[in-house]
Amino acid sequence: MKKPKIVNKKWLVIVIIIAFLLVFSVLEEQKSVSARSIVLAMSIDLIDDEYEVGVQLLRTDLKDKQDFITYSTTGAHLTEILEKLSHDSGGSVSLCHTMVLILGQNILTQDQDRAMRFFIENEELCNNTMIVASKDSPLEALSVKLSNGQGGGYYIGGMLRNIVSDLGVIPITIKDYIKNRYRIGNCVYLPCVSVEKSGETTFISVKESFITDGVNYSILSESATKGLSLVLNKLKSGELSYKIDNKMGQVDIVKTSADIKVQQDVANVKIKAKLNDRAYVPENIDEKRSVDELQKGITTYVEECFAACQEKGLDIFYLAQRAYAQGKDFYQQNDFLENIKLKVEVDITMK
Amino acid sequence: MENIQKNKIYEEQFLLLAFISIVTFKIVMLPQYLVSTASNNSYMVMIFMVAIEIMMLTVVYGVAKNGSILEQDVPKWLKGALAILVFASSIIKCTVRGSEGIAYISTSLYANVSWAFITLALVMACVYIAQKGGKVLARSAQIFFWIIAFAVAFFMIFSQINLDPINLMPFKISGDLAIAGDKYLMWFCDFTPLLFVTVVPSKNHGKKRLAVWTSLAILCVFLFTVGLMLIFICTFGNAGELMGNAFLNVSSLNKIFFMIGSADLPTVLSWLVMYIVKFSLLLFAMSSCAKFFFGDKAIVALICGAIVFCIICFGIGNLNANYQLATSWLRYFIVAIEFAVTATAYIAMRISQSKKQKQQNAQSDNLAQPNANQTDRAQGEI
């Protein structure tokens, strides 16, 4: 006679596995969400060979009000700094939801990417985390309390999403940053933020761009930044303004595209733009004149951008990379960038 | 007989297992390693090696549709030799692949859990599936398939990747491709575990349907391996050499991040289930070989799992040691075994089939001879 089965073998195995997993979870130091300090924004700078790191957290003890709290510390190693910040904030610092990382000029030009590699290789920050350069102290940009009550870091994180169409500045993520650093010339572009005050009002301005190859750097003006966005095919919407006979006009960008061809001493930039003049057209000015003015304006933006970077030896249009992609080797000459002449062609279609 | 039933799988299930077997470990660390050696043209290594793997799997299919290699009518000494070789190959792959998966889990799911705990939990689950046989393995793969499909759909709907095709240029065939192909051989050539299943035609499906499924499976393999490699290079360029875990890095670039923060759970889960199937498949091959010598007992599978656990936790212990092991001379040993065993199994099966055919012909001749005599006699009587 067969013995009746007391315990089904399958369920026994499942129960054993669950028991093991539960025991491990209890034994190991697993931090629950409530025991973590979820960082919304972060800043890093290099001061006298030491890192100065700031983190901004959302206060969870206030029920009705949204408030932010910023912790900062300095140290020679980032692991040690993160431990200190965890201790100060009372929870394990968790960086995977960080919206924005604000970098100081020193860290971008003197650190040789040690800090950035730390975050990428240890997968501390998410690939989608936005990064910006700060004109002033990054900790100040992070911790400043703005007139709308928000913390600087959190505000920048929220604002960066629409920055390219509104302001012509290209938002970049950690993934873009590291990709560009590995290109020939090592040149990267970042939005450049600055804290500004007007009377009682404190606000953050993001109109310029910070360009660096890890050593040299250049800060592009607002117009040069627009030129950069157009050439790198990033400015696909937003507005362009122009001036004729002291009258202001404005057009909406419907679509733009750019193409760059590199030869030994010349780089030909062709920009095609589809614009809509419904935004604002000055009185008594015909379309042809507006188009001419816009063409001149765009050409100036692009040339200004290129000249500012060429002067500092920054290959911001990735001409060497483009030459390499075409299978040419003239980019290896030391004076390649110095000798390049830029030819800009703008083709505008009004809708 | 019970063994044959336990390891009997349908053609579609074989395709799914083959898909998981090829794809699982080519989408995690391999893209990073290939980019670090062959930079922007490294996807060509992937195309070449995956094509070879698919071709070899068609040979495996040829063997498996006639039954598991250990159940076929081949000399016992040959079965024993093949079992020893596959056991050696599977134990190395199990530990190398196992370590890679555990590193993935320890970085993606848990921050502070030691390898020993993760390995123990995984080995237990996978030994259980492996012990149950090919049928349970294939059925698990079928169930898990929906998680993979969901993750792919999630990725397609929410992905936000700016592809930069300039990173793929210039198209150049150089010695670096051969170096990359040689150095990372351990991540390719996984055919032998599927020699231990018996493939039977699906009940309601015709040949046309199988052809469609096969084409789809091949397309999906190329999309998952070569397609991911192309996206990875377009997205990260040469910086790909810093990006461990290509699958997670590519799929984490989504729109959801701006709404609720990092959302990589579907990817992690989908890879995890593929890993469980693949790890179980390797353990299944290992335990099938061991059972050939020690009998069909659960303890044999458990001992195999215990050996793998000890090597992963106490022998390897971290991703760097795993990389050293995977790129050592052992890779040549593994590849030689994989090709030699598959080819030998096929030849042995064909010889055995032709012998059988001859025997059948002889038997039918013998049967036909008395019949002819009888007819002559009958005609004489008329």
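A residue counts as buried when its relative accessible area is under 20%, as exposed when it is over 50%, and as partly exposed in between. The structure shown above is a predicted model, and these words will be used for several of its residues. B:Asp164, for instance, has a relative accessible area of 22%, so this residue is partly exposed.

B:Asp164 is a good place to enter the structure. Its partner is A:Arg183, and the two form a salt bridge in which the closest N and O atoms are 2.5 Å apart. This pair crosses between chains. On one side, A:Arg183 sits in the loop between helix 8 (174-181) and strand 8 (188-198) of chain A. On the other side, B:Asp164 sits in the loop between helix 7 (134-158) and helix 8 (175-183) of chain B. While B:Asp164 is partly exposed, A:Arg183 has a relative accessible area of 8% and is therefore buried.

Other salt bridges stay inside one chain. In chain A, the side chains of A:Asp111 and A:Arg114 meet in such a bridge, with a distance of 3.7 Å from N to O. A:Asp111 is at 1% relative accessibility, so this residue counts as buried. A further bridge joins A:Lys296 to A:Glu293, with 3.8 Å between the closest N and O atoms. Both residues belong to helix 10 (residues 287-311) of chain A, where they are three residues apart, or about one turn of the helix. Their surroundings can be compared by area: A:Lys296 is exposed at 52%, and A:Glu293 is partly exposed at 24%. In chain B, salt bridges that share partners link B:Lys93, B:Arg97, B:Asp190, B:Lys278 and B:Glu338 into one network. Over all chains, the count of salt bridges comes to 17.

Charged residues also appear in a surface patch. A:Lys236, A:Lys255, A:Lys274 and A:Lys351 form a positive patch on the surface. One of them, A:Lys255, is located in strand 12 (residues 247-262) of chain A. A:Lys255 has a relative accessible area of 54%, so this lysine is exposed. A residue needs over 30% to be part of a patch, and A:Lys255 is therefore above that cut-off with its 54%.

Next comes chain B as a whole. Chain B contains 15 helices and two strands. Its C-alpha trace spans about 95 × 45 × 40 Å along the principal axes. The chain has 382 residues, of which 55% count as buried. B:Leu210, in helix 9 (residues 207-236) of chain B, is buried, with a relative accessible area of 17%. Between the C-alpha atoms of B:Leu210 and B:Ile118 there is a separation of 38 Å, and the two residues are 92 residues apart along the chain.

The last topic is the cysteines. A disulfide is a covalent bond between the sulfur atoms of two cysteines. How many disulfides does the structure hold over all chains? The number is zero. B:Cys289 is in no disulfide, and the nearest cysteine sulfur, that of B:Cys304, is 8.7 Å away. To count as a disulfide, two cysteine sulfur atoms must be within 2.5 Å. The sulfur of B:Cys304 has its closest cysteine sulfur in B:Cys289, and the 8.7 Å between them is too far for a bond. Both cysteines are buried: B:Cys289 has a relative accessible area of 1%, and B:Cys304 has one of 3%.

Definitions and conventions:
Residues are numbered from 1 along each chain as its sequence is written. Chains are lettered from A and ligands numbered from 1 in the order in which they are written. This is a predicted model: local features need pLDDT of at least 70, side-chain atom pairs count only at pLDDT 80 or more; totals for chains, interfaces and linings use all residues. Side-chain values use heavy atoms; hydrogens and water are left out. Patches are made of residues with over 30% relative accessible area and no salt bridge: like charges are joined within 9 Å, nonpolar side chains (Val, Leu, Ile, Met, Phe, Trp, Tyr) within 5 Å. Accessible areas come from the Shrake-Rupley method with a 1.4 Å probe; for residues, only the protein chains shown count as cover. A salt bridge is a side-chain nitrogen of Lys or Arg within 4 Å of a carboxyl oxygen of Asp or Glu. Lys and Arg count as positive and Asp and Glu as negative; His and the chain ends are not counted. The place of a charge is taken as NZ of Lys, CZ of Arg, CG of Asp or CD of Glu. Helices (H or I, at least four residues) and strands (E, at least two) are DSSP runs, numbered from the N terminus. Buried means under 20% relative accessible area, exposed over 50%, partly exposed in between (1.4 Å probe, protein chains only).
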